[in-house]
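Thanks for sharing this one with me. Here are some notes to read alongside the coordinates.

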Amino acid sequence: MTTFADKAIAYYNSLVAPTNLPPDIGVMNPYQQLDVKTIVSEFYTSFFSDTSPRVFILGINPGRFGAGVTGISFTTPQNLRRYCGIDNDLRDTPELSSRFIYQVVDAFGGAKAFYSRFFLTSLFPLALTKTIPGSGPKNYNFYDDRATTEALWPSITDTVRTQLEFGSNRRVAVCLGRKNETYLHRLNDQQGFFERIVTLDHPRYILQYKSKAMPAYLESYIATLHECAE
């Protein structure tokens with residue numbers, strides 16, 4: 001029996017960075033590193049060693065301090081240790097999205113309960129950066145310029161199509177980010193991947209601009225996820 005974990009581990013270990021991006025756009029591929037390969041194997045073996053379908057929660061593309069480091073979506077090294085029980089020697093990193101997501105995970109009942117129902121992923125699986133003269137690389141979204149979007153669109157389509165084969169509940173997908181919603185709907189109109197898409201504000205937006213309302217956002221997230229998991 002091939003499990004969700006088997007398929008996910010094989011997929012991430014096979015990822016290759018695209019070479020057709022604009023010259024100032026960089027790609028981080030942590031899956032080439034031995035310690036990340038070990039983390040990916042342990043994470044998916046711990047939480048996905050079955051064939052149960054998951055509801056997909058889709059972000060934009062990883063940040064350079066989350067999955068760009070650990071290989072696990074929305075997950076910093078410290079949250080990997082604290083919430084997932086996976087020890088690692090990676091340096092702790094600041095990542096607002098991960099901080100909020102793991103409050104959601106904790107409120108849902110912890111990592112075992114959460115990951116038994118949901119798969120956190122992104123439309124494009126690798127972290128993107130843009131080099132800013134004088135300040136170094138910054139996080140970049142695949143939709144921040146048209147050339148990058150169009151260059152990555154075939155990869156985005158392949159990413160979602162391949163990951164659905166891990167084991168997906170296609171009745172509904174959860175989209176993180178209002179602008180991301182535009183592109184997920186475009187993809188879904190083209191490919192018919194999901195019956196319905198539900199959108200939530202992006203975790204980074206919540207913590208960066210709406211932090212005082214975070215308890216209400218957390219409550220909204222949990223209510224939406226329970227409804228999607230039914």
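**Notes on the model**

1. A good place to start is helix α10, where P215, A216 and E219 are exposed (over 50% relative accessible area, 1.4 Å probe, protein chains only). On the other side, its buried residues (under 20%) are M214, Y217, L218, Y221, I222, T224, L225, C228 and A229. These cover an arc of only 165 degrees around the axis, so they sit on the same side of α10; the arc is taken from the directions from the helix axis to the C-beta atoms.

2. A word on the source: this is a predicted model, in which local features need pLDDT of at least 70, side-chain atom pairs count only at pLDDT 80 or more, and totals for chains, interfaces and linings use all residues. Residues are numbered from 1 along each chain as its sequence is written, and side-chain values use heavy atoms, without hydrogens and water.

3. The length of α10 also checks out: its 16 residues (214–229) should span 22 Å at 1.5 Å a residue, and the end C-alpha atoms are 22 Å apart, which agrees. The expected span is 1.5 Å times one less than the number of residues. Helices here are DSSP runs of H or I with at least four residues, and strands are E runs of at least two.

4. Three strands make an open, antiparallel sheet in the order β1-β4-β5, where pairing requires at least two DSSP bridges. Its edge strands, β1 (25–28) and β5 (136–140), each pair on one side only. Strand β4 (residues 127–132) is joined to β5 by five bridges, and I132 has G136 as its bridge partner in β5.
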